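Me: I should like to go through this model and ask, for each term applied to the structure, what justifies its use.

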Amino acid sequence: MNDLLERLRGRGWRLTSQRRVVAEVLDGEHVHLTADEVHARAAERLPEISRATVYNTLGELVTLGEVIEVSTDGRAKRYDPNAHHPHQHLVCTGCGAIRDVHPLGNPLSDLPADQRFGFAVSGAEVTYRGLCPACAD
């Protein structure tokens, strides 16, 4: 069973066949699928699953904090099940590929006090951009 399914079971979230297949599609390392990609993969396993069900399920997973919605440079939103492991993203400016990265240091402590402007900073999102090996060739 994947990590997301385990977390959902632990929360007592009702796992219908549609919800289960969406969670199964989101399993894996460096998963950052669009809603349409989730729907296409889910439909391979459960042909009757509707696009609306996939979108609703993804919305519920984001609201629960079990999936992160990732937006980069005006491209389609992507869904990241790595919600409970702090990380940043590395995005290819060519093809849009996204990888999870774990840089050393803490982006919260890297922001100098004089640059906080009185904010009680509670989070930081850092996105690294560049060309993946395939696009760089």
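**Terms and their grounds**

Reply: Strand E4 (residues 88-92) and strand E5 are paired in the antiparallel sense, over 4 bridges. The model is a predicted one.

Me: What makes E4 and E5 a pair?

Reply: Pairing requires at least two bridges between two strands. E4 and E5 have 4 bridges, so the requirement of at least two is met. Within the pair, valine 91 stands opposite isoleucine 98 of E5. The hairpin of E4 and E5 has 5 residues between the strands, and glycine 96 there takes a positive phi near 90°.

Me: How do the side chains along strand E5 point?

Reply: They alternate along residues 98-101. Ile98 and Asp100 point to one face and are buried, while Arg99 and Val101 point to the other and are not.

Me: Why is cysteine 92 not assigned a disulfide with cysteine 132?

Reply: A disulfide needs two cysteine sulfur atoms within 2.5 Å. The closest cysteine sulfur to that of cysteine 92 belongs to cysteine 132 and is 3.6 Å away, so the distance is too far for a bond. For cysteine 135, the closest cysteine sulfur is in cysteine 92, at 3.6 Å, and this too is too far for a bond. By this rule the count comes to 0 disulfides.

Me: Why does cysteine 92 count as buried, and why does cysteine 135 count as partly exposed?

Reply: Buried means under 20% relative accessible area, exposed means over 50%, and partly exposed lies in between. Cysteine 92 has 4% relative accessibility and therefore counts as buried. Cysteine 135 has 29% and therefore counts as partly exposed. Of the 137 residues of the protein, 33% count as buried.

Me: Which residues touch the most other members of the largest nonpolar core?

Reply: They are Val22, Leu26, Val38, Ile49, Leu58 and Leu61, in a core of 21 residues. The elements that give two or more residues to this core are helix H1 (3-11), helix H2 (17-25), helix H3 (35-45) and helix H4 (51-64). H2 gives the most, with 4 residues. In soluble globular proteins, nonpolar side chains tend to be buried together.

Me: Which residues does valine 22 touch, not counting those up to four places away in sequence?

Reply: Valine 22 touches Val38, Ile49, Val54, Thr57, Leu58 and Leu61. Contact here requires heavy atoms within 4.5 Å.

Me: How do you know that the span of H4 is close to the expected one?

Reply: H4 has 14 residues, and 20 Å separates its first C-alpha from its last. The expected span is 1.5 Å times one less than the number of residues. For H4 the expected value is 20 Å, and the span is close to it.

Me: Why are the buried residues of H4 said to lie on the same side?

Reply: The buried residues of H4 are Val54, Thr57, Leu58 and Leu61. They cover an arc of only 100° around the axis, which puts them on the same side of H4. An α-helix has 3.6 residues a turn, so residues three or four places apart point the same way. The buried residues of H4 pack against H1, H2, H3 and strand E3 (78-80). The face turned away from the buried side carries the exposed residues Asn56 and Thr63. H4 is followed by glycine 65, whose phi is positive, near 80°.

Me: What puts the buried residues of H1 on the same side?

Reply: The buried residues of H1 are Leu4, Leu5, Arg7 and Leu8. Their arc around the axis is only 160°, which puts them on the same side of H1. What covers these residues includes H2 and H4. Just after H1, glycine 12 takes a positive phi of about 75°.

Me: What makes E1 and E2 edge strands?

Reply: An open sheet is formed by 3 strands in the order E1-E3-E2, with antiparallel pairing. Strand E1 (33-34) and strand E2 (68-70) each pair on one side only, and they are the edge strands. E1 is joined to E3 by 2 bridges, which satisfies the rule of at least two. The bridge partner of leucine 33 in E3 is tyrosine 79.

Notes. Residues numbered from 1 in each chain as written. Predicted model: local features only at pLDDT ≥ 70, side-chain atom pairs only at ≥ 80, totals over all residues. Heavy atoms only, no water. Core = buried A, V, L, I, M, F, W, Y, C linked by side-chain atoms within 4.5 Å. Buried < 20%, exposed > 50% of the residue type's maximum accessible area, 1.4 Å probe, protein only. Arc of directions from axis to C-beta.
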